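Work through the exercises below with the model open beside you. Try each task before you read its solution.

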Amino acid sequence: MPDLAGPDMPWKLPIFDGCGLLWGLLLGVFIAGAPVTACPTRCHCIEKSGMTVVQCMSRNLDSIPPDLPRDTVVLLLASNHITHIPNYAFKELHYLQELDLSNNNIETVDLGAFQGVSDSLLVLDLSNNHIQSVPKEAFARLRAKISLSSNPWHCECTLQEVLRELRLDPETVNEVICHTAVQEEYAGKPVIQVLDSGINFCNFHHKTTDVAMFVTMFGWFTMVIAYVIYYVRHNQEDARRHLEYLKSLPSSSQISKDFDTISTVL
């Protein structure tokens with residue numbers, strides 16, 4: 001084989017095809033820059049203006065997906081079949097600003113449902129669900145604009161205290177209706193309208209509690225009186241029977257006469 005590096009041909013280093021290597025490097029950079037947490041299976045995740053938007057609307061979900069991207073800013077879970085918001089449901093979503101849970105079947109909201117997002121959340125939509133009441137602690141420290149319209153609210157003291165601390169959506173505030181109430185006359189009326197009229201549901205709560213305590217005390221008092229009467233009558237009956245028994249016994253004088261008669265005979 002002739003020497004390619006002869007005096008008439010300069011030495012050349014071997015040349016490798018760098019195309020495959022270049023694609024490998026690009027793929028590595030792409031993988032390294034991918035989000036740590038992948039998009040949930042039944043959701044669609046997009047980047048919009050530098051924000052991660054997770055779209056899970058109308059996906060027949062019956063619970064909140066557990067594997068949401070941690071950099072989620074907008075989370076759309078409307079029009080599903082979610083019935084419950086558990087404690088710490090969004091605790092890893094520290095950048096979450098908008099949360100849409102409208103048009104679900106939500107009935108219960110746990111105490112710590114929104115813990116972890118209270119500082120970042122700006123918009124919360126819980127409209128068109130089946131919520132009747134929520135614990136006061138559920139919305140603690142939330143600064144978000146909240147929509148609670150079209151739920152079957154039960155108007156009582158706890159709801160009044162909850163609403164006092166919230167920043168309700170002004171466009172839907174009049175659609176927060178008392179489905180039921182501690183006083184039936186307020187059923188079917190907007191909660192804010194009732195409260196603005198000077199009604200205090202907590203007063204009804206205290207009055208109801210006072211009446212219940214009075215009824216309970218009266219019941220106990222009645223039971224004590226009934227027992228005392230029964231005890232006295234029972235003792236009177238025993239005393240009467242004992243007296244009759246004593247009367248039926250022969251007297252001492254009659255016993256003495258009978259003894260004298262027996263002695264005389266003898």
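Contact means heavy atoms within 4.5 Å. This is a predicted model: local features need pLDDT of at least 70, side-chain atom pairs count only at pLDDT 80 or more, and totals for chains, interfaces and linings use all residues. Residues are numbered from 1 along each chain as its sequence is written, and side-chain values use heavy atoms, with hydrogens and water left out.

**Exercise 1. Describe the chain as a whole.**

Step 1. Count the elements. There are five helices and 11 strands. Helices (H or I, at least four residues) and strands (E, at least two) are DSSP runs, numbered from the N terminus.

Step 2. Look at burial. Of the 266 residues in the chain, 29% are buried. Buried means under 20% relative accessible area, exposed over 50%, and partly exposed in between (1.4 Å probe, protein chains only).

Step 3. Look at range. Take the contacts with a separation of 6 or more: 45% of them join residues 24 or more positions apart.

**Exercise 2. Decide where to read the model with care.**

Step 1. Start with the mean. The mean pLDDT of the chain is 79, and 66% of its residues reach 70 or more. pLDDT is the predictor's confidence in each residue, from 0 to 100.

Step 2. Find a weak stretch. Over residues 1–36, pLDDT stays under 50. The model has two contacts beyond four places in sequence for residues 1–36.

Step 3. Apply the rule. Where pLDDT is low, the predicted coordinates should not be read in detail.

**Exercise 3. Find the centre of the largest nonpolar core.**

Step 1. Define the set. A nonpolar core is a set of buried Ala, Val, Leu, Ile, Met, Phe, Trp, Tyr and Cys residues joined through side-chain atoms within 4.5 Å.

Step 2. Take the largest core. It has 46 residues, and F90, F114 and F139 have the most contacts inside it.

Step 3. Name the elements. β9 (153–155), α2 (157–165), β11 (178–181) and α3 (191–196) each give two or more residues to this core. The largest share, three residues, comes from α2.

Step 4. Follow F114. Leave aside its neighbours within four places in sequence. F114 then contacts I85, F90, L99, V109, L124, L126, A138, F139 and L142.

**Exercise 4. Is I64 buried or exposed, and what does it touch?**

Step 1. Place the residue. I64 is in the loop between β2 (51–55) and β3.

Step 2. Check its area. I64 is buried, because its relative accessible area is 11%.

Step 3. List the partners. Not counting residues up to four places away in sequence, I64 touches L77, I82, I85, P86, A89 and F90.

Step 4. Check a distance. I64 and L101 are 37 residues apart along the chain, and their C-alpha atoms are separated by 9.7 Å.

**Exercise 5. Look for positive phi outside glycine.**

Step 1. Recall the background. Most residues other than glycine have a negative phi.

Step 2. Take S79. Its phi is near 60 degrees, a positive value. S79 is in the loop between β3 (72–76) and β4 (84–85). S79 counts as partly exposed because its relative accessibility is 33%.

Step 3. Take N128. Its phi is positive, about 55 degrees. N128 is in the loop between β7 (123–125) and β8 (145–147). N128 counts as partly exposed because its relative accessibility is 36%.
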